[in-house]
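Me: I am just starting to learn how to read protein structures, and I would love a guided look at one. Could you begin with a single spot and then walk me onward from there?

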Amino acid sequence: MRLSLPVTLGLALFGPASLAQTAPTQTAPAQSAPAAPAKAPAASATTNRAVSALAVEVGSVVKGRLLDCPASLKLSGNAVCLYVQTPAAALRPLVKGRLAARAGDWKTTGKASVLLVKDTPANFVMLSALNDKETLVIVDAAPTAKAAAPARVAVPAGVVKGQPYVLGSDLVGVVKVTALGGGKYRLSNADQGTLTVTVGARAAQTDAGAVELPLAPATDGKNLIFPLAGLRALGCTTTPNGGVLTVACGSDSVGLKPIVF
């Protein structure tokens with residue numbers, strides 16, 4: 001699984017130049033008293049439970065010092081950052097071993113390594129090498145791809161929602177559709193004759209005289225959108241055939257799936 005993290009989580013920003021100011025300044029201890037043992041990071045009020053729990057797990061093996069995450073990394077408000085005086089190469093097997101089967105494989109680009117953790121929802125651990133001996137360890141929730149909003153299908157003017165229609169192009173092979181201009185179309189079949197219709201009007205004309213269609217034809221600017229029931233005016237019949245309809249006009253027939261807006 002690939003991460004699409006902001007700035008790939010800012011891999012280009014993880015170098016020493018951008019993070020050097022973040023690393024604590026090293027000073028000699030004022031007294032010779034032994035330093036207190038490093039503690040795993042405590043859960044922060046700004047992090048969610050899953051990220052906090054993962055940070056505690058990771059912190060228990062990397063022995064890092066909790067600090068504020070650099071704003072330049074553009075992490076989420078859930079992120080936990082640890083400063084560690086250990087090379088990234090030495091930390092990778094420690095973190096992987098701690099997380100075992102929950103972890104994927106390290107993905108390394110430049111000075112940054114990312115490990116996806118198969119939590120629900122997914123989280124990640126990132127190691128950013130500050131130099132040969134210091135590493136910034138980042139724990140955060142993995143970004144999730146936002147589902148694209150379904151495209152809205154424009155309903156052509158004049159169509160009745162919930163009623164079945166067919167495109168003039170769907171009738172190729174049984175009915176020839178000819179645009180006459182001015183919103184008029186002629187539908188013709190060698191066996192059944194012709195039907196002349198006008199977009200937006202129920203009144204139509206056959207070889208035998210004037211008829212009224214059950215619904216008015218419409219157009220999307222390119223195609224004739226014809227009411228399925230209107231084909232009866234041309235003498236055509238429709239028969240269900242599995243998931244499609246068989247439209248028969250005289251000796252010709254075609255299977256098609258009506259459009260319902």
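Where does P121 lie, and between which strands is the loop that holds this residue?

Reply: Happy to help! Please keep in mind as we go that this is a predicted model. The residue you picked, P121, sits in a loop, with β4 (112-117) on one side and β5 (123-129) on the other. Look at the bond that leads into P121: the peptide bond joining T120 and P121 is cis, with omega about 0 degrees.

From here, let us visit two other loops with backbone angles to look at. Take the loop between β1 (65-67) and β2 (80-84), where you will find K74. The phi of K74 is positive, about 55 degrees, although this residue is not a glycine. Is K74 buried or exposed? Its relative accessibility is 58%, and the cut-off for exposed is over 50%, so K74 counts as exposed. A100 can be read in a similar way: its phi is positive too, at about 50 degrees, and A100 is not a glycine either. This alanine belongs to the loop between α3 (88-99) and β3 (107-109). With a relative accessible area of 45%, A100 is partly exposed.

Now go back to the loop of K74, which lies between β1 and β2, as a cysteine there leads us to the next topic. A disulfide is a covalent bond between the sulfur atoms of two cysteines. How many disulfides does the structure hold? There are two. One of them joins C69 to C81, with an S to S distance of 2.0 Å. This link is right-handed, with 110 degrees about the S-S bond. C69 is in the loop between β1 and β2, while C81 is in strand β2, so the bond ties together parts that are twelve residues apart in sequence. The two ends differ in their surroundings: C69 is partly exposed at 26% relative accessible area, whereas C81 is buried at 1%.

The other disulfide is formed by C236 and C249, whose sulfur atoms are also 2.0 Å apart. The torsion about their S-S bond is about 110 degrees, so this disulfide is right-handed. It links distant parts of the chain, 13 residues apart: C236 belongs to the loop between β14 (224-227) and β15, and C249 to strand β16. Here both cysteines are buried. If you number the bonded cysteines in sequence order, the pairing reads 1-2, 3-4.

C249 brings us to strand β16, and that strand is part of a sheet. Three strands make up this open sheet, in the order β15-β16-β17, and their pairing is antiparallel. Which strands stand at the edges? They are β15 (237-241) and β17 (252-256); each has a single partner strand, so one side of each is left without a neighbour in the sheet. On average, neighbouring strands here are turned by 25 degrees against each other, direction ignored. Between β15 and β16 (residues 244-249) there are five bridges. You can find one of these pairs by eye: T237 has A248 in β16 as its bridge partner. While you are looking at strands, a handy general idea is that side chains alternate between the two faces of the sheet in a regular strand.

To finish, look at a run of strands earlier in the chain. Strand β9 (residues 184-189) is joined to β10 (residues 193-198) by six bridges, and the two run antiparallel. Within this pair, S188 stands opposite T194 in β10. Together β9 and β10 form a hairpin, with three residues between the strands. β10 also has two bridges to β11 (residues 203-206), again antiparallel, and L195 has T206 in β11 as its bridge partner. β10 and β11 form a hairpin too, this time with four residues between them, and G200 in the turn has a positive phi of about 90 degrees.

One last glycine to find is G181, in strand β8 (residues 176-181). It is partly exposed, at 44% relative accessibility. Although G181 and T198 are 17 residues apart along the chain, 9.6 Å separates their C-alpha atoms.

How values were computed: Residues numbered from 1 in each chain as written. Predicted model: local features only at pLDDT ≥ 70, side-chain atom pairs only at ≥ 80, totals over all residues. Heavy atoms only, no water. Pairing = 2+ DSSP bridges. Axes fitted to C-alpha atoms, helices over the stretch in contact; angles between N-to-C directions. Buried < 20%, exposed > 50% of the residue type's maximum accessible area, 1.4 Å probe, protein only. Disulfide = S-S within 2.5 Å.
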